[in-house]
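This report walks through one protein chain, from strand pairing to domains and single residues. The sequence and the coordinates come first.

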Amino acid sequence: MAQTVGIGFCRRSLLCGAASAGLAAVLPRGGWGNPRTVRDHKLVAAVAQASIVGAAAPATQVWAYQGSVPGPEIRIRQGDRLRVLAENQLPQETTVHWHGIRVPNAMDGVAHLTQPPIGTGQSFLYEFDCLDAGTFWYHPHTKSFEQVERGLAGALIVEEAQPIAVDRDLVWMLDDWRLTPEAQISEDFGHMMDVSHAGRLGNTVTINGRVPEQFAVRSGERIRLRLVNAANARIFALEFQGHQPFVIALDGQPTEPYMPERGRIILGPAQRADLLLDCMGRPGDKFTVIDRFYPQQQFRLVDLSYDKGAPLRQSPLDASMRLPPNPLADPALQEAVRHTVEFGGGAMDPKLMRGMNRGGSGRSGMMSEMMDRMRRGAIWTINGVSVPGNEHAHAPLLTLDRGKSYVLDMLNDTEWWHPMHLHGHVFRVLSRNGRPNGRREWLDTVLVAPKERVEIAFVADNPGDWMFHCHILEHQQGGMTGTIRVA
Ligand SMILES: [Cu+2]
């Protein structure tokens, strides 16, 4: 599917011609070594049928890239240039956002902020250099709560120039669907109950678009397993029974390899984790991968099913687990400018509850405030301001000086979890509830627990207007969005 276009000449590329004529002008100089290789892909977004539940159930009508759910896995080498022609055959306007990979603002794919939406029958050419290696993903940034839920998402894998040694390198796109008994997507998108509570939780969890039964492994093999949480709202806490996976990257960014606490890998919506899984069970063994995030709803995700053949090796592969770092600017913490960012609203809004508990007119005031928020679809706030998904014009939440370091001191004054995503940048997580982070952790999406306080830091080195929002897509739709301007 990928086509290679060397600089200065074209081979078999549908996109040759007009695009290549201007190529020399748009290629940055220096950096990753020339000539840079351009990889062309096409993503046609259209209505399609997918077998999500399995052959025994009817096919599900989905919205899909290239007819498949998830969309095609795009693999590219670090330093290469990715060029994707996105074509919209949906009954709605759309865009493509490249989650977690640092791109120029005009390529970020946020409708009405970084580009006009792509209308039905129209197309848009995305083109950027992949500076960071890692596990990223793509999805629409137009009515995301509906379009991502209908199946529009895919993995973008940027391979290191010298990848670490593994036997297999695989992606698990985790998703969560709310299906009717006829295996069709329930069309109650943006229901106020979901918007004001935990977001849209489904009843069907898939790996790579299918309800999984078995995942075949071989005794002795080392797998690099790239987990992507593509669900609108579901948070995962996965345990690989009988195994001790190492985390080697979070949100695509390398971390010192570590075994997570209680062996549990917690992934909020939009987050990724790269695991190294040494399969040291015996031939014929079977182990379960369990999700334990919601205590009342633990479930078996899939079984690791060992092949009966002879082991590949008797002890774990003796090779380095460490990934080379990406070229990220380290924030200068001593001189960083601090901003306080407070999240508010939602069901059981602590601010409203405090008013209600005072009784008398406090109670009726609380009720009328709640009704007003529902009417406007403005359920959530950042620093007291709500920007519902259907509003496009608003003042920036913060304006930052290009090149300076910043600390955002985030306080979640709500009763709900929020995976907060910053576009165009990667940040360090400094502390949680005042306790310093024991690891050097770079993320683009940080999961903030109810009432939790989290400090993040980054260098504002990518100019433009960037979204900063909750990646529970119903929360985003319900106002939990702000723009961070880097000028
Ligand atoms: Cu949220």
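Strand 15 (residues 246–250) pairs with strand 18 (residues 272–278) in the antiparallel sense, over four bridges. Within this pair, Ala-249 stands opposite Asp-274 of strand 18. The model is a predicted one.

Both strands belong to an open sheet of six strands with the order 11-10-13-18-15-16 and mixed pairing. Which strands form its edges? They are strand 11 (204–207) and strand 16, each of which pairs on one side only. On average, neighbouring strands of this sheet are turned by 25 degrees against each other, with direction ignored.

Strand 18 is also one end of a loop that starts at strand 17 (264–267), and Ala-270 lies in that loop. Ala-270 has a positive phi of about 80 degrees although it is not a glycine. With 27 other C-beta atoms within 10 Å, Ala-270 is buried, because 20 or more is the threshold for that class.

**Domains**

The domain assignment divides the chain into domain 1 (3–159), domain 2 (168–306) and domain 3 (337–486). The centres of domain 2 and domain 3, taken over C-alpha atoms, are separated by 26 Å. How many residues of each are in contact with the other? The contact involves 23 residues of domain 2 and 24 residues of domain 3. On the side of domain 2 that touches domain 3, helix 4 (192–196) and strand 16 (253–258) are the elements that give two or more residues. By class, that side of domain 2 has 10 nonpolar, nine polar and four charged residues. Strand 16 thus appears twice in this account: as an edge strand of the six-stranded sheet and as a contributor to the side of domain 2 that touches domain 3.

**Strands 2 to 9**

Strand 2 (residues 38–50) is joined to strand 5 (residues 81–88) by eight bridges, and the two run parallel. His-41 has Val-84 of strand 5 as its bridge partner. Strand 2 is also joined to strand 3 (residues 60–65), in this case by six bridges and with an antiparallel run. Here Ala-45 stands opposite Tyr-65 of strand 3. Strands of a sheet pair through backbone hydrogen bonds, either parallel or antiparallel.

After strand 3 comes a loop that leads to strand 4, and Pro-70 is found in it. The peptide bond from Val-69 to Pro-70 is cis, with omega near -5 degrees.

Strand 4 takes part in an open sheet of four strands, with the order 4-9-8-6 and mixed pairing. Strand 4 (74–77) and strand 6 (97–99) have a single partner strand each and stand at the edges, so one side of each is left without a neighbour in the sheet. The average turn between neighbouring strands of this sheet is 25 degrees, direction ignored. Strand 4 and strand 9 (residues 154–159) run parallel and are joined by four bridges. In this pair, Ile-74 has Leu-156 of strand 9 as its bridge partner.

The four strand pairs described above are listed here.

| Strand pair | Sense | Bridges |
|---|---|---|
| Strand 2 and strand 5 | parallel | eight bridges |
| Strand 2 and strand 3 | antiparallel | six bridges |
| Strand 4 and strand 9 | parallel | four bridges |
| Strand 15 and strand 18 | antiparallel | four bridges |

**Nonpolar core**

The largest nonpolar core has 109 residues, and Leu-156 and Leu-227 are those with the most contacts inside it. In soluble globular proteins, nonpolar side chains tend to be buried together. Leaving out residues up to four places away in sequence, Leu-227 touches Trp-172, Leu-174, Ile-265, Leu-267, Arg-272, Ala-273 and Leu-275.

**Two residues of domain 3**

Val-341 lies in strand 21 (residues 337–345). Is Val-341 buried or partly exposed? Val-341 is partly exposed, because its 19 other C-beta atoms within 10 Å fall short of the 20 needed for a buried residue. Val-341 and Leu-408 are 67 residues apart in sequence, yet 6.5 Å apart in space, C-alpha to C-alpha. Leu-408 is one of the residues that Val-341 touches beyond four places in sequence; the others are Ile-382, Asn-383, Asp-409 and Met-410.

Asn-433 is placed in the loop between strand 26 (427–432) and strand 27 (435–436). Its phi is near 50 degrees, a positive value in a residue other than glycine. Asn-433 is exposed, with 10 other C-beta atoms within 10 Å.

Notes: Residues numbered from 1 in each chain as written. Predicted model: local features only at pLDDT ≥ 70, side-chain atom pairs only at ≥ 80, totals over all residues. Domains from an automatic or database assignment. Contact = placed C-beta atoms within 7 Å. Nonpolar A, V, L, I, M, F, W, Y, C, P; charged D, E, K, R; others polar. Pairing = 2+ DSSP bridges. Axes fitted to C-alpha atoms, helices over the stretch in contact; angles between N-to-C directions. Core = buried A, V, L, I, M, F, W, Y, C linked by C-beta atoms within 7 Å. Buried ≥ 20, exposed ≤ 12 C-beta atoms within 10 Å, placed from the backbone.
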